[in-house]
Amino acid sequence: MNVALAEGYIPDPSGQCVSAAEEGLPAELGDMGIHYIRPDLLGITATEPRIDGTGTHTDFLNPAILLYEPQQDGSLVLVGVENLVFQKAWETAGNTEPPTFAGRTWDYMANNPDTAIDEAHGFEPHYDQHVWFRDNGVTHLEPFNPLVSCTHHTL
């Protein structure tokens, strides 16, 4: 964790441990965990009313987001990484298709104001892709991981 902080990662200001169940999705999908972000790689330009940026960073060897699972003793374990590109920035850069990784098109996330949940987690419309270290051989590129839990998260 100290290395991540020294490299410029900061905790998601919401302090949320993202859970499929809390997002109105089936609990068996699992959780994402706590996000630590690199504002420079995301190109953050605004935080209100939603997080926006110029980020088009897609390098998973130097990811824009780290995913941590809270442990019972209060520590955090790195369980995956994520990259996120803002749709507007991606298209402004001349891209006409969403990014892909390992043959998988990244997930498109945009908030639907007609629902009670925030499908884009406070961000402007974007594409994102998760890569899990905690892998059951099936879900390693999906948004949620059934092997990750927010059970021990406390604010």
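Tutor: Let's start with a rule: two strands pair if DSSP finds at least two bridges between them. A strand here is a DSSP run (E) of at least two residues, while a helix is a run (H or I) of at least four, and both are numbered from the N terminus. The model is predicted, so local features need pLDDT of at least 70 and side-chain atom pairs count only at pLDDT 80 or more, while totals for chains, interfaces and linings use all residues. Residues are numbered from 1 along each chain as its sequence is written, and side-chain values use heavy atoms, with hydrogens and water left out.

Student: Okay, what makes β3 and β6 a pair?

Tutor: β3 and β6 (residues 65-70) share 4 bridges, and the rule asks for at least two, so they pair. They run in the antiparallel sense. For one bridge, look at Tyr 36: its partner in β6 is Leu 66.

Student: Which other strands pair with β3, and over how many bridges?

Tutor: β1 (residues 10-11) pairs with β3 over 2 bridges, and β2 (residues 17-19) does it over 3. Both pairings are antiparallel. Ile 10 has Ile 37 as its bridge partner in β3, and Ser 19 stands opposite Asp 31.

Student: Why is β3 called largely enclosed?

Tutor: Because 7 of its 7 residues are buried. Buried means under 20% relative accessible area, exposed means over 50%, and partly exposed is in between, using a 1.4 Å probe and protein chains only.

Student: How do you know that His 35 is buried?

Tutor: His 35 has a relative accessible area of 10%, which is under 20%, so it counts as buried. You'll find His 35 in β3 (residues 31-37).

Student: Which residues does His 35 touch?

Tutor: Contact means heavy atoms within 4.5 Å. Leaving aside neighbours within four places in sequence, the contacts of His 35 include Ile 10, Val 18, Leu 66, Glu 82 and His 130.

Student: What makes the link between His 35 and Gly 33 a polar contact?

Tutor: A polar atom of the His 35 side chain lies 3.4 Å from the backbone oxygen of Gly 33. The rule wants a pair of N or O atoms within 3.5 Å; within protein, one must be able to donate a hydrogen and the other to accept it, and residues adjacent in sequence count only if both atoms are side-chain atoms. The 3.4 Å value is within 3.5 Å, so the distance test is passed.

Student: Now β11. Why is that strand called largely enclosed?

Tutor: Again because 7 of the 7 residues, 126-132, are buried. Both faces are covered: His 126, Asp 128, His 130 and Trp 132 are on one side, with Tyr 127, Gln 129 and Val 131 on the other.

Student: Which strands pair with β11?

Tutor: β7 (residues 76-86) pairs with β11 over 7 bridges, and β10 (residues 107-109) over 3. Both pairings are antiparallel. Val 85 has Tyr 127 as its bridge partner, and Met 109 stands opposite His 126.

Student: What about loops: why is Ala 102 called exposed, but His 121 partly exposed?

Tutor: Ala 102 has a relative accessible area of 66%, which is over 50%, so it counts as exposed. His 121 has 22%, which is in between the cut-offs, so it is partly exposed. Ala 102 lies in the loop between β8 and β9, and His 121 in the loop between β10 and β11. Each has a positive phi without being a glycine: about 50° for Ala 102 and near 55° for His 121.

Student: And what makes a space a pocket?

Tutor: On a 1 Å grid over the protein atoms alone, a pocket is an open set of points with protein on both sides within 12 Å along at least five of seven lines; lining residues have an atom within 4 Å of a point. The largest pocket has a volume of about 400 Å³. Of its 24 lining residues, the closest to the centre are Asp 12, Ser 14, Ile 51, His 121 and Phe 123. β3, β7 and β11 each supply at least two lining residues.

Key:
On a 1 Å grid over the protein atoms alone, a cavity is a set of points where a 1.4 Å probe fits but cannot get out, and a pocket is an open set with protein on both sides within 12 Å along at least five of seven lines; lining residues have an atom within 4 Å of a point. Grid points are joined across faces, edges and corners, and a volume is the space filled by probe spheres set on the points.
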